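Colleague: Before I plan around this model, I would like to go through the terms you use for it and hear what each one rests on.

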Amino acid sequence: MIRRNPSMSKNVRTWMRFALSLGFMVLVVGSNATAQDVITGDWTASVAHENSDKINLNFERRTVKGSKNQMGQTYDFADLQGLSREQILSGGPVKFSLVREAGRIDCEGSFQNGKGSGTFRFFTGNEAFVSAMKSRGFDFEENSNANDERHSENRLFAATTLNVTTALADDLLSAGFGKLQVDDLFKAAIFKIDSKFMREMKASGFPNLGMEDLVKARIFKIDADFVSQITQMGFDKESFESLVKMRIFKVTPEFLTEVRNEGLTNLSVEDVVKLRIFKIDSEFIRQAKAEGVPLEVERLVQKRIGVGRNN
């Protein structure tokens with residue numbers, strides 16, 4: 001028997017780490033979230049693309065140990081008080097603010113040739129937000145990271161840049177997916193996970209997905225339509241991980257029709273994934289049959305990798 005592809009779970013983990021790092025690769029600075037402390041750092045920005053109404057804005061802070069932590073997001077100009085596209089294009093000094101329910105980031109600097117830089121100040125201490133979140137079961141003051149002395153402020157900084165709100169918390173809780181953590185709010189904000197998507201996945205036959213699974217679903221574009229497509233392909237009641245594999249290895253209705261027309265009709269998800277991994281298509285199958293190779297997935301794989309006999 002051919003062993004399962006050892007890179008499968010590694011691929012998923014790598015994609016998860018990569019995708020999650022895009023949203024919050026930072027989070028270091030802070031102590032008591034309700035104290036009126038100020039976090040400072042540097043910002044850089046540029047217009048997302050020509051004629052765009054969006055701006056790429058990155059925040060950078062230094063840790064106590066001197067390392068750099070960065071967080072980048074794409075914002076609408078409407079999100080930034082005091083900054084317009086015209087100001088960026090004309091250049092010169094600027095002052096603007098990112099004001100959210102979790103906190104406020106004031107920025108000062110200048111733009112030249114569509115690119116800007118400067119310094120920022122983050123004002124923590126929105127007690128109303130912290131209290132409202134705590135009443136919903138999300139404790140921003142709880143320090144689950146013993147190595148991060150200012151964990152609470154880090155969370156509030158992330159909540160401000162990602163626009164984590166009490167409305168988001170209420171929406172996620174309404175879907176009835178069980179106990180959620182503060183970090184789940186960040187993931188939901190980054191990957192655009194809301195109660196509508198959660199309910200759709202539940203109705204598609206996946207009632208017990210956790211936030212990590214929902215993140216995978218967003219990364220690999222697994223939604224109700226994709227689940228329906230897989231069912232139409234003849235794979236009913238497959239596990240969520242099977243759907244992830246099919247998406248990763250680009251199992252399509254066209255590919256399935258192609259190999260089934262060559263006589264491979266009784267295929268499992270694992271079989272189809274192997275065919276994709278080893279690039280076994282209709283042309284290869286016809287050639288193998290002409291050489292007397294039995295019409296079995298394992299024997300076709302053996303021929304592809306050059307081992308085994310043809311009879």
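Colleague: Which residue is the bridge partner of valine 99 in E6?

Modeller: The partner of valine 99 is arginine 104, and please keep in mind throughout that this is a predicted model. Another bridge into E6 joins proline 93 to serine 110.

Colleague: What makes you say that E5 and E6 pair?

Modeller: Pairing requires at least two bridges between two strands, and strand E5 (residues 92–99) and strand E6 (residues 104–112) have 8 bridges in the antiparallel sense, so by that cut-off they count as paired. The two strands form a hairpin, with 4 residues between them.

Colleague: How do you know that E6 also pairs with strand E7?

Modeller: The cut-off of at least two bridges applies here too, and E6 is joined to strand E7 (residues 115–123) by 9 bridges, with the strands running antiparallel. Within E7, serine 117 stands opposite serine 110. E6 and E7 form a hairpin with 2 residues between them, and asparagine 113 in that turn has a positive phi of about 55°.

Colleague: Why are strand E3 and strand E4 called edge strands?

Modeller: The sheet is an open one of 7 strands, in the order E3-E2-E1-E7-E6-E5-E4, with antiparallel pairing. Strand E3 (68–76) and strand E4 (80–81) each pair on one side only, and they are the edge strands. Helix H4 (residues 151–162) lies across several strands of this sheet, including E5, E6 and E7, and runs at about 25° to E3.

Colleague: Why is the contact of glutamate 212 with lysine 187 called a salt bridge?

Modeller: The rule asks for a side-chain nitrogen of Lys or Arg within 4 Å of a carboxyl oxygen of Asp or Glu, and for glutamate 212 and lysine 187 the closest N and O atoms are 2.3 Å apart, so the pair qualifies. Glutamate 212 lies in helix H8 (residues 211–219) and lysine 187 in helix H6 (residues 182–191), so the salt bridge ties together parts that are 25 residues apart in sequence.

Colleague: Is each of these two residues buried or partly exposed?

Modeller: Buried means under 20% relative accessible area; lysine 187, with 12%, is therefore buried, whereas glutamate 212, with 35%, is partly exposed.

Colleague: How do you know that glutamate 60 and lysine 68 form a salt bridge?

Modeller: Their closest N and O atoms are 3.9 Å apart, and the limit is within 4 Å, so the pair is counted. By this rule the count comes to 12 salt bridges.

Colleague: What makes lysine 216 and glutamate 241 another such pair?

Modeller: Their side chains meet at 2.8 Å, N to O, which therefore satisfies the limit of 4 Å. The pair links distant parts of the chain, with lysine 216 in helix H8 and glutamate 241 in helix H10 (residues 240–248), 25 residues apart. Lysine 216 counts as buried at 14% relative accessibility, while glutamate 241, at 33%, is partly exposed. Elsewhere, Glu262, Arg286 and Lys289 are joined into one network by salt bridges that share partners.

Colleague: Why is phenylalanine 191 called buried?

Modeller: Its relative accessible area is 12%, and the cut-off is under 20%, so phenylalanine 191 is classed as buried. Phenylalanine 191 is found in helix H6, and its C-alpha is 8.9 Å from that of leucine 214, although the two are 23 residues apart in sequence.

Colleague: Which residues touch the most other members of the largest nonpolar core?

Modeller: They are Trp43, Phe140 and Val164, in a core of 87 residues, to which H6 gives the most, with 7 residues. Leaving aside neighbours within four places in sequence, valine 164 is in contact with residues including Phe129, Met133, Phe140 and Leu185.

Colleague: How do you know that the buried residues of helix H3 are on the same side?

Modeller: In helix H3 (residues 127–135), Phe129, Val130 and Met133 are buried. They cover an arc of only 95° around the axis, which puts them on the same side of H3, whereas Ala128 and Ser135, on the other side, are exposed. Among the elements that cover the buried residues of H3 are H4, helix H5 (166–174) and H6. After H3 comes glycine 137, with a positive phi near 95°.

Definitions and conventions
Residues are numbered from 1 along each chain as its sequence is written. This is a predicted model: local features need pLDDT of at least 70, side-chain atom pairs count only at pLDDT 80 or more; totals for chains, interfaces and linings use all residues. Side-chain values use heavy atoms; hydrogens and water are left out. Buried means under 20% relative accessible area, exposed over 50%, partly exposed in between (1.4 Å probe, protein chains only). Contact means heavy atoms within 4.5 Å. Axes are lines fitted to C-alpha atoms, for helices over the stretch in contact, and angles run from 0 to 180 degrees between N-to-C directions. A nonpolar core is a set of buried Ala, Val, Leu, Ile, Met, Phe, Trp, Tyr and Cys residues joined through side-chain atoms within 4.5 Å. The arc is that of the directions from the helix axis to the C-beta atoms.
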